[in-house]
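Reader: Please take one strand of this model and look at it closely, with its pairing partners and the core around it. I would like the cut-offs behind each term as you go.

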Amino acid sequence: METRPLTAYIARRLAGAIPLLLLISLISYGLMGLAPGGPTAILSQQARSLTPAARHAYEVALGLDKPWYVQYFYWLKELIVHGSLGNSFVDQRPVLARIAEKLPITVELLSLALLLTLVIAIPIGIRAAVKRDSFFDNASTAIALIGYGVPVFWLGILLIDVFAMHLRWLPGSGINSVGREGDPLDLLRHLILPAFTLAIVSVAGWLRYQRASMLDVLDEPYVQTARSKGLPERVVLYRHALRNALLPMITLLGLQLPGLVGGAYFVEYIFSIPGMGYLGINSIFQRDYPTVMGITMLSALMVILGNLLADVLYGAADPRIRYD
Amino acid sequence: MLCGCAAGAARDPNSLVILEAADGATLNPLFSTDAASALYEQFIFDPLVNVGDDFKPIPWLATAWRSSVNHLHWTVDLRRDVHWSDGVPFTSKDVVWTWQAQLDPATGFPYRGQFDYIASVRASGPSTVEFTLSQPNALFESQALNASILPEHILGKIPRRQLRLSAFGEHPVGTGPFFLERWRHDEEISFTRNPRWWHGPVTVPRIAVRIELNDQARLDAMQEGSGDVLDGLGTSGYAILQQQAPKLRLLHLPDLYSFFIYTNLRRLGLDDLHVRQAMLYGWDRRAVVRGLLHGDAIVATGVVPIALRLWYDPNVRRYDYDPARAQDLLDAAGWPKGNDGIREKNGHRLAFELLLTGADAATEDLAAEFQSDMRAIGVAITVRSLDFATFLTETQSLHYDLALGGWGGVPDPDQFTLLESKQIPPTGNNLMSYSNPTVDRDVTLGLRALEYSERKALYDSMQRVTAEDLPVLFYINTYYRAAFNPRVRVSVKDVLPDQYVFRDVYAWRLDR
């Protein structure tokens, strides 16, 4: 793979992402501006003697006295000129700092969910392809599709009810037990149920892709050749077929990322995990516009970069792909 | 097998672990409006006057305070032995700066409106402060002098408009019993004791406020013994701990909140007193308390919560469940039943929408029972659940018929911004558009009178008149519930509800 076309390709893709991000920010800000309720409504209830003058002063201080599109312009200017996502309406801290302290746990959750997904989907996908049209193939596909169709919030509540409330095998909320802060094993225990919730929902896609990809490869002449050489089936499958069957899965990584990030929002909220998704949903309820915008933009950026990374990796893995 | 029920964690015996459901927003009292922030701030900052037993003011940073005969000038004497946590001495400059900042519109202090009667604050010596009021105010001692005092030598260097964005809210300097140790947002905030606190030795070495967003996780931590105090327990959580954790010490006392169904008196039908009275007679609140709330609430009889023992007046008109009387009232008021069983007058049906917010299953069940009770007397109710911000916008812009809500949390019977006729939105929070000259007089003079007997008479009158007028349909007064690990030595009988539970945490003792 030549470096120059790849660099140009990445630059083109990134340049193309800018109008997309602008459009996402405009739509998001517009939706927030048109939504009923606002930060000062909540404040005026908490500070029960808030006078109209004080409320107006608060609105002026936050720039909320202007129409939403003017507020958007100032937000965008701040982002472009100063590279700042602004300060939270809730605690006045920089939005970037708030997100930065929440991002690691979200990344850990997503990574664990992805790992679980792959560990479940790839072996089953391979076996389903090898045992094509068998009971195993049909049953695994059916079960995976049920998982795909289940709403993530419902599944999360169900798992909490069964494994945390009734069986009491695993914790159903938070990221560590009281007194065990910083204990990685305790963290892992807390992340199992939420990661599993996300994994179940995304296994179907991976499984079907893995199965289809494996089926394509199994018919290839080099697999037939390997078999005819008398190699054990395990070697044929895992050394010759799987290596090539995994290639299209790299693309799927990019395609699945939006679903995972979106799912993580609900999962974090349901499992009370103080990550980026939890912060995002709370910020929506609190009408903390700068934080909502910051998280929306970061999520959009993650999805765009995820897609780009998948395309680049696919090219790196398959020399037939050209970037010019 | 992994187990979620018994972590068996080793715990720091020197830490008082408080379990909370939500994290605070900031440690800068100029900008905090949430309950959790107020909780943290009382560990770090001191007020001039603190809350004593029965919510009476007691000297704190102020050693004494006195007013002129007309109660417009107040002189406050300050302690001379107080230092900020960075070692700088506390003086009258700090008090004057705090108040000037709070009253300056440029600061954006959200509670400024509550103190618009304070005309000026000046120092008349290093340890004396003079307050001048534009009119007497009964809340001056209990609210104004109870505000946290901030360090002038730090915040005074920041332009007022920039105070909102200052890092002080994350790195506070106070005169209080504890220092901020570490804050991991939405996870834990910890405080270490101030070894040189002016008030005397702090017996709790360290406080760790642990944010457990999930109800069950907080209950588990108490049952396992990893939590010391669970503040603000719900009804079901209290029942669970009662049954499953007999070793815990449980606190259960009336809190300072009242819950109502707000009525928009601008709506046809709800503007008819007979309709409102009939609705309250026709609503079986006792059944709701007995059934849905497991007996863990008190049927409200007026606008002042029963916990305010010094102010609550039980001698008001009562509305015990009496559906026959409700029907009679509606018949007499000219609202006969239509073909569908719903009452109507001049083509207008008695049909209203009830707004809910934060609706859990119990609230929705309550709404369903209310619907059913109202249907029985010929009033149709539809229910709409909204998120909190939208609910507030709808009610504050008077775009509603009925709304389930409440007020309270302060140890005073003042209801000025809620009931006075000029406080109808957008001016204040009189969401009902209620107007009665007697109540206007009561709540206005009640704020200006300083003698208990005079105020008591006015607020008794307010309670009697509002029980006749029913600007809100009284629902319940609630209980404050908390659980204490037996290793925490605190006199439960002296504990006050709500945010006052930790008012003397510095004197609690921990068994190892």
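Author: Strand β12 (residues 249-263) of chain B and β19(B) pair in the antiparallel sense over 11 bridges, where strands (E, at least two residues) and helices (H or I, at least four) are DSSP runs numbered from the N terminus, and two strands count as paired if DSSP finds at least two bridges between them. This is a predicted model, in which local features need pLDDT of at least 70 and side-chain atom pairs count only at pLDDT 80 or more, while totals for chains, interfaces and linings use all residues. Residues are numbered from 1 along each chain as its sequence is written, and chains are lettered from A and ligands numbered from 1 in the order in which they are written.

Within the pairing of β12 with β19(B), B:Pro254 stands opposite B:Tyr479. β19(B) has further antiparallel partners: three bridges join it to strand β11 (residues 229-231) of chain B, with B:Leu230 opposite B:Ala483, and two bridges join it to strand β13 (residues 298-299) of chain B, where B:Val299 has B:Ile476 as its bridge partner.

As for its surroundings, β19(B) is mostly covered, with 13 of its 13 residues buried; a residue is buried if 20 or more other C-beta atoms, placed from the backbone, lie within 10 Å of its own, exposed if 12 or fewer do, and partly exposed in between. The strand, which spans residues 472-484 of chain B, also gives the largest share, 10 residues, of the largest nonpolar core. That core has 136 residues in total, and those with the most contacts inside it are B:Leu48, B:Ile207, B:Ile261, B:Leu473 and B:Ala482; a nonpolar core is here a set of buried Ala, Val, Leu, Ile, Met, Phe, Trp, Tyr and Cys residues joined through C-beta atoms within 7 Å.

B:Ala482 deserves a separate word. Leaving aside residues up to four places away in sequence, B:Ala482 touches B:Val229, B:Leu230, B:Asp231, B:Gly232, B:Leu233, B:Leu251 and B:Val501, a contact being two residues whose C-beta atoms, placed from the backbone, lie within 7 Å. Of these neighbours, B:Leu230 is the residue already named opposite B:Ala483 in β19(B).

A second, separate core, of 71 residues, includes A:Ile175, A:Trp206, A:Ile273 and A:Met293.
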